[in-house]
Amino acid sequence: MNTGLNFLKTKAHYPILDGLRGVAALIVVAMHIFEPNAANSHEMIINHGYLAVDFFFALSGFVIGYAYDDRWPKMTIGTFFRRRLERLQPMVIMGMLIGAALFYFSDSPTWPLIHTVPAWKVLLTMLLGFTLLPMPVSMDIRGWQEMHPLNGPGWSLFYEYVANILYGLGLRKLSRSALSVLVAISGVGLVYYTLTCRSGDVIGGWSLNKEQLTIGFIRLFYPFFAGLLLSRIIRPGKIKHAFLLSSLLLAFLLCMPRIGGNEDVWKNGLYESLSIIIMFPLIVFIGASGSMEGVPGSKVCKFLGDISYPVYITHFPFIYVYSGWVSRNPGVALEVNVLYGVLTFLIAIVVGFVTLKFYDEPVRKWLKKFE
């Protein structure tokens, strides 16, 4: 069978961008481990780790533009969508399977009604989760009003799919000028939201209601469009130590403590909007402008890039379990909590790697047989 995929040879990757995706994914896991131990957002360690999602959107826009913009004369919309499904969907299914398997282990004061949820509802939620279609608040089985209560990060993959659909159906046809206007409008909207919202941050996007959908699309549009525009206008330079420089800069931005207090939340909002609008595109540019000449560095970037998506999309069920344990054991000794946190972090990495090697890569290889 020839669907038009066979002639599309894979382009060379930007190895440093792959590595940066892995760095961001590991920071997200660490942030989620610290989260249940913080009383409020001001006490959060790795306080701005959630901005990694916005960075992922910027990376996605850049990589999609680089990989596909010049292929449309020989590629159909169906071919594009199939490629994206082959890349993303197998691990979406695995994340939901793990979430269903661990669901009842997170029963705790944080989610006091989990033990009352019948198994058929969990299975139904899992099957719907396989499609990545967002679930309404009325079908929530956990209590956090998530689109995907078995695997919370599924919400960001939902928006990733939206971005891919918009790109395939029309955004790819926009001229640089038109795309620049769209980027500018999206940037203004992002700044306006972060300066005027009650929370002073972009946290949100994971519920199927008006407020959360607004946040989700605000978080998606600017970084994705900016990444796409960046792929069309920049000529990567030659920056030495680009991986170290871009990784440290990204880690610094994501680990920055909360800025301002409850009475001047706009300060934190300004920090976040500037990080997304200016710093994330800069980091992408730095990463695209470097090279990994040594074997050790290349292997590190490849490993981080390979595990980034599997770790991101499978780690949260283990965070649910860890958060439930923290909730059930208030006042536990610090060293015990640290041990459980480190174990959770390591389990997330191991599960990500194992599912990559024994599930994701074999499934994608099998799917290519039908091209």
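Me: Why is Trp111 called buried or exposed in this model?
Reply: Happy to walk you through it! This is a predicted model, and in it Trp111 has a relative accessibility of 0%. Buried means under 20%, so Trp111 counts as buried.

Me: What makes Trp111 and Tyr320 an aromatic pair, and of which kind?
Reply: Look at the distance and then the angle. The ring centres of Trp111 and Tyr320 are 5.6 Å apart, and a pair needs centres within 6.5 Å. Their planes stand at 85°, and over 60 degrees counts as edge-to-face, so that is the name for this pair. The structure holds 25 aromatic pairs.

Me: Why does this pair tie together parts of the chain?
Reply: Trp111 lies in the loop between α3 and α4, while Tyr320 belongs to helix α11 (residues 316–328), so the pair links parts that are 209 residues apart in sequence. Tyr320 is also buried, because its relative accessible area is 2% and the limit is under 20%.

Me: How do you know that the charge of Arg142 sits over the ring of Tyr320?
Reply: Part of the test is a distance: CZ of Arg must be within 6 Å of the ring centre. The charged end of Arg142 is 3.5 Å from the centre of the Tyr320 ring and sits over it. Arg142 also lies over the face of Trp111, at 5.1 Å from the ring centre.

Me: What makes Phe158 and Tyr159 edge-to-face?
Reply: Their planes are at 70° and their centres 5.1 Å apart. The angle is over 60 degrees and the distance within 6.5 Å, so the pair qualifies. Both Phe158 and Tyr159 belong to one aromatic cluster, whose members include Trp155 and Trp206.

Me: Why is there no disulfide between Cys255 and Cys301?
Reply: A disulfide needs sulfur atoms within 2.5 Å. The closest cysteine sulfur to that of Cys255 is in Cys301, 18 Å away, so it is too far for a bond. The count of disulfides comes to zero.

Me: Why is Cys255 called partly exposed?
Reply: Cys255 has 36% relative accessibility. Partly exposed lies between the 20% limit for buried and the 50% limit for exposed, so the label fits Cys255. Cys301, at 1%, is buried.

Me: How do you know that the length of helix α3 agrees with what is expected?
Reply: At 1.5 Å a residue, the 26 residues of α3 (residues 77–102) should span 38 Å; the end C-alpha atoms are 37 Å apart, which agrees. Helix α3 also has a kink of about 35° at Leu88, shortly before Pro90.

Notes
Residues numbered from 1 in each chain as written. Predicted model: local features only at pLDDT ≥ 70, side-chain atom pairs only at ≥ 80, totals over all residues. Heavy atoms only, no water. Helix = DSSP H or I, 4+ residues; strand = E, 2+ residues; numbered from the N terminus. Expected span 1.5 Å × (residues − 1). Bend = angle between axes of the 7 residues up to and from the residue. Buried < 20%, exposed > 50% of the residue type's maximum accessible area, 1.4 Å probe, protein only. Phe/Tyr/Trp six-rings, centres within 6.5 Å; stacked < 30°, edge-to-face > 60°. Lys NZ or Arg CZ within 6 Å of the ring centre and 35° of its normal.
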